[in-house]
Amino acid sequence: MNAPTKTEDFAVKIPDGVYAETVLDVQHYTDRLFRFRMTRPAGFRFRSGEFAMIGLMVGEKPIYRAYSIASPAWDEELEFFSIKVPDGPLTSHLQKIKPGDTVLMRKKPTGTLVLDALTPGKRLYMFSTGTGIAPFASLIRDPETYEKFEEVILTHTCREVSELKYGQDLMEEIRNHEFLSELVGDKLKLYSTVTREDYPFTGRITDLIENGKMFSDLGVPPLDPAVDRGMICGSAAMLKDTKELLEKAGLTEGANNKPSEFVIERAFVG
């Protein structure tokens, strides 16, 4: 075996006990949003909807943040959807990654936005703002979601129309996918709303739930704990307000160890 070269002596050392994966593809949606795909470690298992701690070596130390895995559990690659924060400890560097770069990932995924945390129901709502759509990008591409629910409604609220494109691309991908298109059929609906520009549907999702417009736009009855289930991922204020609306409708919050009618991902803020 060859002795290490001088350049290798000074190479950044990858921390022990973490995966070091290769970036395969990067797509920038706006000056605030991008997605990337990277290799999936052999033997890495997760449930659709969970998040992982991903990071980069910045200088000589690793910096990690919680990121929902946007790809479904069956995918051979891992996908993530991220905001860009100019002075963010991680995202200021992460937004510059290119194919071939190395991204670190801790080995244990976790999270509450999993199907196991919900009791059986008929209609599943996924309420998201901004990059909070990421765990739902995983779940809407998982066949198990459609085995458990007759109807899946993904809501995505952003400030500007351009920020909705990731969700719209997901719908297009499912429509054109060889086995998902047939499995999903017309079970999945995307309800996109914008708060700062003109668009067919405008307003905060909490307002549209409260005034009933979301239900009339979708042609579905108001929330009913007997049939409806919910998942929430987004900004801290949106989590709080949506949780209150679901509880007001009679739904109870659940967890991995106590399944119930809705779940919240509190590790995410954005």
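This presentation describes two sheets in a predicted model and one buried residue in the antiparallel sheet. Residues are numbered from 1 along each chain as its sequence is written. Local features need pLDDT of at least 70, side-chain atom pairs count only at pLDDT 80 or more, totals for chains, interfaces and linings use all residues, and side-chain values use heavy atoms, without hydrogens and water.

I begin with the antiparallel sheet. Its six strands (DSSP runs of E, at least two residues, numbered from the N terminus) form an open sheet in the order 4-3-6-1-2-5; two strands pair if DSSP finds at least two bridges between them. Strand 4 (61-68) and strand 5 (77-83) are the edges, each with a single partner strand, so one side of each lacks a neighbour in the sheet. Strand 1 (residues 18-28) and strand 6 (residues 102-106) run antiparallel and are joined by five bridges.

Which residue stands opposite Thr102 in strand 6? That residue is Thr22.

Glu21 also lies in strand 1. Glu21 is buried (under 20% relative accessible area, 1.4 Å probe, protein chains only) and has no salt bridge (a side-chain nitrogen of Lys or Arg within 4 Å of a carboxyl oxygen of Asp or Glu). The nearest side chain of opposite charge, Lys107, is 8.8 Å away, with Lys and Arg counted as positive, Asp and Glu as negative, and His and the chain ends not counted.

I turn now to the parallel sheet. Five strands form this open sheet in the order 9-8-7-10-11. Six bridges join strand 7 (residues 123-129) to strand 10 (residues 228-233), and Ser128 stands opposite Cys233 in strand 10.

Key. Helix = DSSP H or I, 4+ residues; strand = E, 2+ residues; numbered from the N terminus. Buried < 20%, exposed > 50% of the residue type's maximum accessible area, 1.4 Å probe, protein only.
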